[in-house]
Amino acid sequence: MKRPPPREDGAGSGGGDGAKKGKGRWGGGGRRRNEQRLGSGGGGALSLAAFANAKSRNTGYNPALIKKQKEFYKNAKLISKYKRSKKQQNQSSNPPPFPIPKEGGDDANNASKLHSKKKKRVAPSLNEEYEKKRAEDEKAKKEREAIIQAKREERERSEARRRDLREKMFKKTRSGQPVMKYRIQHLLETALESSNK
């Protein structure tokens, strides 16, 4: 709730005259402000609006809502378990796609042969696919390593060049003066490079 603006007569302002001792930070209007906040019209009881506002602070804790959510999640879990078990029962009750071999018949040998042929066909194709994928991965890995190695070598070369140039640029004569030969040579090289570009 907004605080009312201070009055001109100085009753609500806590200020700089220093004559009011022990009145707190805001001066003397504490009780009046509390009464206004609580909505009491002179009596000691809270008004209905103030009581409703005091109770309606939202803390985010609602036990009934929490209980409802727990129950909802529990039910959802049970439903998913039920559906899963139903699906498994349907799969086990349905006959498999290949014929079941009967004992002692010519049909039984044919069915087992068919089944074994399928497995043999599937396994080599999977192996081939696996080998192909592994070869591709190894090839990609080798390419990455080659690129990394080339970058590393280039970095080492440039660092060596820079180190050599730095040593030359910082060389001093016996009297402590810089050696101008290398500096002039460096300037000449940079001028030639820029003219070539």
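**Exercise 1. Is Arg 157 buried, partly exposed or exposed, and why?** Place the residue, then look at its side-chain partner.

*Solution.* Keep in mind that we're working with a predicted model.

- Step 1: find the residue. Arg 157 sits in helix 4, which covers residues 106-169.
- Step 2: check the accessibility. The partly exposed class runs between the 20% and 50% cut-offs. Arg 157 has 46% relative accessibility, so it counts as partly exposed.
- Step 3: look for a partner. The side chain of Arg 157 makes a polar contact of 2.8 Å with the side chain of Glu 154.
- Step 4: follow that partner. Glu 154 also forms a salt bridge with Arg 161, with 4.0 Å between the closest N and O atoms. Glu 154 is partly exposed because its relative accessibility is 38%, while Arg 161, at 54%, is exposed.

**Exercise 2. How many salt bridges does a search of the whole structure find?** Work through two pairs in helix 4, then look for a network.

*Solution.* A bit of background helps: side chains of opposite charge can pair when their charged atoms come close.

- Step 1: get the total. The search turns up five salt bridges.
- Step 2: take Arg 134 and Glu 138. Their side chains meet in a salt bridge, 3.6 Å from N to O. The two residues are four apart in helix 4, so about one helical turn separates them. Arg 134 is partly exposed at 38% relative accessibility, and Glu 138 is partly exposed at 40%.
- Step 3: take Asp 164 and Lys 168. In this salt bridge the closest N and O atoms are 3.9 Å apart. Here again the spacing is four residues in helix 4, which means about one helical turn between Asp 164 and Lys 168. Asp 164 comes out as partly exposed at 38% relative accessibility, and Lys 168 as partly exposed at 30%.
- Step 4: look for shared partners. Glu 131, Arg 134 and Glu 138 are joined into one network by salt bridges that share partners.

**Exercise 3. How many aromatic pairs does the structure hold?** Name the residues and work out the geometry.

*Solution.*

- Step 1: count. The structure holds one aromatic pair.
- Step 2: identify and classify. The partners are Phe 72 and Tyr 73, with 5.7 Å centre to centre and 65° between the planes. Planes over 60 degrees apart count as edge-to-face, and that is the label this pair gets.
- Step 3: check the surroundings. Phe 72 and Tyr 73 are both exposed.

**Exercise 4. What pattern does the protein follow along the sequence?** Describe the overall build, then decide where to read the model with care.

*Solution.*

- Step 1: list the elements. There are five helices and zero strands, which read along the sequence as α-α-α-α-α.
- Step 2: look at burial and surface. Of the protein's 197 residues, 5% count as buried. The exposed area is about 19,000 Å², with carbon and sulfur atoms supplying 54% of it.
- Step 3: look at contact range. Take the contacts between residues at least 6 apart in sequence: 12% of them join residues at least 24 apart.
- Step 4: check the confidence. The average pLDDT is 77, and 63% of the residues score at least 70. Over residues 12-16 pLDDT stays under 50, and the model has seven contacts beyond four places in sequence for that stretch. Where pLDDT is low, the predicted coordinates shouldn't be read in detail.

Technical notes
Residues numbered from 1 in each chain as written. Predicted model: local features only at pLDDT ≥ 70, side-chain atom pairs only at ≥ 80, totals over all residues. Heavy atoms only, no water. Buried < 20%, exposed > 50% of the residue type's maximum accessible area, 1.4 Å probe, protein only. Polar contact = N/O pair within 3.5 Å; in protein donor to acceptor, adjacent residues only side chain to side chain. pLDDT = per-residue confidence, 0-100. Contact = heavy atoms within 4.5 Å. Phe/Tyr/Trp six-rings, centres within 6.5 Å; stacked < 30°, edge-to-face > 60°. Areas by Shrake-Rupley, 256 points an atom, 1.4 Å probe, with all protein chains shown as cover.
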